[in-house]
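This briefing walks through a protein model together with the DNA strands beside it. Please keep the sequence and the structure in view while reading, and look up each residue as it is named.

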There are 2 protein chains.
Amino acid sequence: MERPTIEELNLLHASVCQALGDPKRLSILYALDERPRNVSQLAADLDLPQPTASRHLQILRERHLVVPVRDGAAVIYHLAEPRVIAILDTMREILRDSLARQSGLVRIDRSPVRHESATSGMEPL
Amino acid sequence: MERPTIEELNLLHASVCQALGDPKRLSILYALDERPRNVSQLAADLDLPQPTASRHLQILRERHLVVPVRDGAAVIYHLAEPRVIAILDTMREILRDSLARQSGLVRIDRSPVRHESATSGMEPL
DNA sequence: ACCATGTATCCGGCTATCCGAATACATGGC
DNA sequence: GCCATGTATTCGGATAGCCGGATACATGGT
């Protein structure tokens, strides 16, 4: 029942964010938001090898982002937190805005922008 | 000017989440939310070596989470998006709830819980 | 041009993450 | 018990991440 220190909270927080930092896991979360699924269905729907789906689900499970429910021999995974999807949606909106601003035509600022652009590209994406 | 495919968006999205998946970078974002700072100040305030701070800022810059503004020889970093802090705060609340639920005494469910608990611990944190 | 301050990058090493393939484990039906 | 189905884990290798220390680069002042 110990209250977590700021650093511990930061660590937990980072570990959750890191779990969200993989495209396949994002797909899994969005898929489970549509409807809960067992591992094989999920793997088939997202075109992933079953062990890969299972490993990703393990990570999401550890971070308490999904919840497993046994159903006979199968395990149906549910989203643990609807709010997480809301968060992800907000991030996508921010991303969209950012892309729009970036890809052009927009110049809201009043300053001519010196040459910082060279260091702020999003190339590796 | 191409509209991003779902997969590309997912990739961008994941890369942003991944940038949030490090405790030091979270600290940096929260610090910059308090007030914009240059690299050295930030490094001093968070007790990080200057190169470390700079590298983390580079990552946050690439993902458009912070914005650099030159001020003489210094570079003052600003948060690019207040909404990101709102998102992080929401995640912390979710985390808090999750910890509360976990650390006990709570049993809201009506089902006796079989033995799934063995596979859903958050040990490595 | 030179110096002081502030920032970014390079280097080497370590750790963590991701993957495919194979394999082990669990559950329910017979 | 055995089998079929569904799930989790292990192994090995490749990739990517994080770090400290040293160093290069940039800017403004003299």
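In this predicted model, helix H5(B) is made of 21 residues and spans 30 Å from its first C-alpha to its last, which is close to the 30 Å expected at 1.5 Å a residue. The points below begin with this helix, move to its counterpart in chain A and to one buried residue there, and then turn to the two DNA strands.

**Helix H5 of chain B**
- The buried residues of H5(B) are Val84(B), Ile85(B), Ile87(B), Leu88(B), Met91(B), Arg92(B), Ile94(B), Leu95(B) and Ser98(B).
- The cover over these buried residues includes H2 and S3 of chain B, and it also includes H1 and H5 of chain A.
- When reading such a list, it helps to recall that an α-helix has 3.6 residues a turn, so residues three or four places apart point the same way.

**Helix H5 of chain A**
- Helix H5 of chain A, residues 82–102, likewise has 21 residues and reaches 30 Å between its first and last C-alpha atoms, close to the 30 Å expected at 1.5 Å a residue.
- Among the residues buried in H5(A) are Val84(A), Ile85(A), Leu88(A), Met91(A) and Leu95(A), and the list also includes Arg92(A) and Ser98(A).
- What covers the buried residues of H5(A) includes helix H1 (6–20), H2 and S3 of chain A, as well as helix H1 (6–19) and helix H5 (82–102) of chain B.

**Leu26(A), a residue of helix H2**
- Leu26(A) belongs to helix H2 of chain A, and it counts as buried because its relative accessibility is 0%, where the cut-off for buried is under 20%.
- Apart from neighbours within four places in sequence, Leu26(A) is in contact with Leu20(A) and Leu88(A) of chain A and with Asn10(B), His13(B) and Ala14(B) of chain B.
- Although Leu26(A) and Ile85(A) are 59 residues apart along the chain, their C-alpha atoms are separated by 9.6 Å.

**DNA strand D**
- There are 26 residues around DNA strand D, and those that come nearest are Ser40(A), Tyr77(A), Lys24(B), Arg25(B) and His56(B).
- Of the atoms of DNA strand D that come within 4 Å of the protein, sugar and phosphate account for 64%.
- At a phosphate oxygen of this strand, a polar side-chain atom of Tyr77(A) lies 2.7 Å away.
- Bases are approached too, since an N or O atom in the side chain of Gln50(A) is 2.9 Å from a base nitrogen of DNA strand D, and an N or O atom in the side chain of Arg55(B) is 3.0 Å from a base nitrogen of that strand.
- The residues of the surface near DNA strand D divide into ten nonpolar, ten polar and six charged.

**DNA strand C**
- DNA strand C is surrounded by 26 residues, of which the closest are Lys24(A), Arg55(A), His56(A), Ser40(B) and Tyr77(B).
- Sugar or phosphate makes up 64% of the atoms of DNA strand C within 4 Å of the protein, and the rest belong to bases.
- Side-chain N or O atoms lie 2.5 Å from a phosphate oxygen of DNA strand C in the case of Lys24(A), and 2.6 Å from a phosphate oxygen in the case of His56(A).
- For Gly72(A), a backbone N or O atom lies 3.4 Å from a sugar or linking oxygen of DNA strand C.
- At least two residues of the surface near DNA strand C come from each of helix H2 (23–34) and H4 of chain A, and from each of helix H3 (39–46), H4 and strand S3 (74–79) of chain B.

How values were computed:
Residues are numbered from 1 along each chain as its sequence is written. Chains are lettered from A and ligands numbered from 1 in the order in which they are written. This is a predicted model: local features need pLDDT of at least 70, side-chain atom pairs count only at pLDDT 80 or more; totals for chains, interfaces and linings use all residues. Side-chain values use heavy atoms; hydrogens and water are left out. A residue is near a molecule or strand if one of its heavy atoms lies within 4 Å of it. A polar contact is a pair of N or O atoms within 3.5 Å; within protein, one must be able to donate a hydrogen and the other to accept it, and residues adjacent in sequence count only if both atoms are side-chain atoms. Ala, Val, Leu, Ile, Met, Phe, Trp, Tyr, Cys and Pro count as nonpolar, Asp, Glu, Lys and Arg as charged, and the others, Gly among them, as polar. Helices (H or I, at least four residues) and strands (E, at least two) are DSSP runs, numbered from the N terminus. The expected span of a helix is 1.5 Å times one less than its number of residues. Buried means under 20% relative accessible area, exposed over 50%, partly exposed in between (1.4 Å probe, protein chains only). Contact means heavy atoms within 4.5 Å.
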